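Reader: Could you take me through one part of this model up close, the place where two of its helices pack against each other, and then show me how the surroundings fit in? An informal tour is fine, as long as you stay with the details.

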Amino acid sequence: MYFPGRRISANLSRVIALAAMVITLAPLSVFAQTDTAAPPPPRVEAPPYEEQMLRLSEILGAMHHLSAVCEADEKSPWRDMMGELMDAEDPARERKRLYIDRFNRGYKGFAQVYRRCTPSAESALQRYRDEGAKLAKEIATRYSR
């Protein structure tokens with residue numbers, strides 16, 4: 001490459017030529033990439049009872065911890081119940097992740113507060129039993145086929 005009145009080294013000349021080529025071809029490579037990109041996965045619309053299911057998931061997680069703390073001699077059925085709920089609902093991957101996150105949030109929230117059974121923990125366990133039963137009944141009554 002020749003610049004009038006200036007001499008540049010052959011290496012610098014090659015670098016400039018390469019940069020010019022990259023700049024010229026860069027827009028083409030961007031278009032090529034967007035054409036071959038996979039389309040986003042279809043968005044799965046949440047059912048009308050989604051918020052109730054998420055709350056129920058959180059309640060089951062809380063009850064899983066509280067019953068393990070307060071009813072140590074009994075096997076906690078709440079995690080298994082969450083698994084059955086997931087099997088019955090058979091949610092898409094994104095929704096399944098949300099349910100699991102809410103279950104874990106309920107569990108971790110009470111695991112940070114209650115390391116042993118207290119009257120407050122027993123009271124919370126009973127309140128969540130009542131709320132969970134009410135939610136399950138509402139979902140089944142209102143939305144079952």
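Author: Sure. Going from the N terminus, the elements of the protein read α-α-α-α-α, so to speak a run of five helices and zero strands. Keep in mind that this is a predicted model. Of its 145 residues, 30% count as buried. Among contacts with a separation of 6 or more, 76% join residues 24 or more positions apart. The accessible surface comes to about 10900 Å², and carbon and sulfur atoms hold 57% of that.

Now for the close look, at H2 and H5. Their axes are 9 Å apart and the two helices pack at an angle of about 150 degrees. The crossing of H2 and H5 is left-handed. On the H2 side, the residues that meet H5 include Gln52, Met53, Leu56, Ile59, Met63, Leu66, Ser67 and Cys70. From H5, the residues facing them include Ala121, Leu125, Tyr128, Gly132, Leu135, Ile139 and Tyr143.

Let's stop at serine 67, which sits in helix H2, residues 50-70. Is it buried or exposed? Serine 67 has a relative accessibility of 1%, and since the cut-off for buried is under 20%, it counts as buried. Leaving out residues up to four places away in sequence, serine 67 touches Ala72, Ser76, Trp78 and Leu125. Leu125 is also one of the H5 residues in the helix contact described above. There is a link along the chain to look at too: the C-alpha atoms of serine 67 and cysteine 117 are separated by 8.9 Å, with their positions 50 residues apart in sequence.

Something similar can be said of threonine 118, which lies in the loop between H4 and H5. The C-alpha atoms of threonine 118 and valine 69 are 9.1 Å apart, while the two residues are 49 apart along the chain. Threonine 118 counts as buried, at 18% relative accessibility.

Back in helix H2, have a look at histidine 64. Histidine 64 is buried, with a relative accessible area of 18%. Beyond its neighbours within four places in sequence, histidine 64 is in contact with Ser76, Trp78, Arg79, Phe103 and Tyr107. Ser76 and Trp78 also turn up among the residues that serine 67 touches.

Trp78, Arg79 and Phe103 bring us to another helix pair, since they take part in the contact between H3 and H4. The axes of H3 and H4 come within 11 Å and cross at roughly 165 degrees. That makes H3 roughly antiparallel to H4, because an angle over 145 degrees counts that way. The crossing of H3 and H4 is right-handed. H3 contributes Trp78, Arg79, Met82, Met86 and Glu89 to the contact, and H4 contributes Arg95, Lys96, Tyr99, Ile100 and Phe103.

Between helix H3 (78-89) and H4 there is a loop, and aspartate 90 lies in it. Aspartate 90 has a positive phi of about 45 degrees although it is not a glycine. Aspartate 90 is exposed, with a relative accessible area of 61%.

The aromatic residues lead back to H5. How many aromatic pairs does the structure hold? There are three. One of them joins tyrosine 49 and tyrosine 143: the ring centres are 5.2 Å apart and the planes stand at 50 degrees, so the pair is tilted. Tyrosine 49 is in the loop between helix H1 (10-36) and H2, and tyrosine 143 is in helix H5 (residues 119-143), so this pair ties together parts 94 residues apart in sequence. Tyrosine 49 is buried, with a relative accessible area of 16%, whereas tyrosine 143 counts as partly exposed at 24%.

Phenylalanine 110 and tyrosine 128 form an aromatic pair that is edge-to-face, with 5.4 Å from centre to centre and 85 degrees between the planes. Phenylalanine 110 belongs to helix H4 (residues 93-113) and tyrosine 128 to helix H5, so the pair ties together parts 18 residues apart in sequence. Phenylalanine 110 and tyrosine 128 are both buried. Together with Tyr114, these two form one aromatic cluster. And that closes the loop on our starting point: Tyr128 and Tyr143 are among the H5 residues that meet H2.

Technical notes
Residues numbered from 1 in each chain as written. Predicted model: local features only at pLDDT ≥ 70, side-chain atom pairs only at ≥ 80, totals over all residues. Heavy atoms only, no water. Helix = DSSP H or I, 4+ residues; strand = E, 2+ residues; numbered from the N terminus. Buried < 20%, exposed > 50% of the residue type's maximum accessible area, 1.4 Å probe, protein only. Contact = heavy atoms within 4.5 Å. Phe/Tyr/Trp six-rings, centres within 6.5 Å; stacked < 30°, edge-to-face > 60°. Areas by Shrake-Rupley, 256 points an atom, 1.4 Å probe, with all protein chains shown as cover. Axes fitted to C-alpha atoms, helices over the stretch in contact; angles between N-to-C directions. Parallel < 35°, antiparallel > 145°, perpendicular 65-115°, else oblique. Left-handed = near helix turned anticlockwise from the far one by under 90°.
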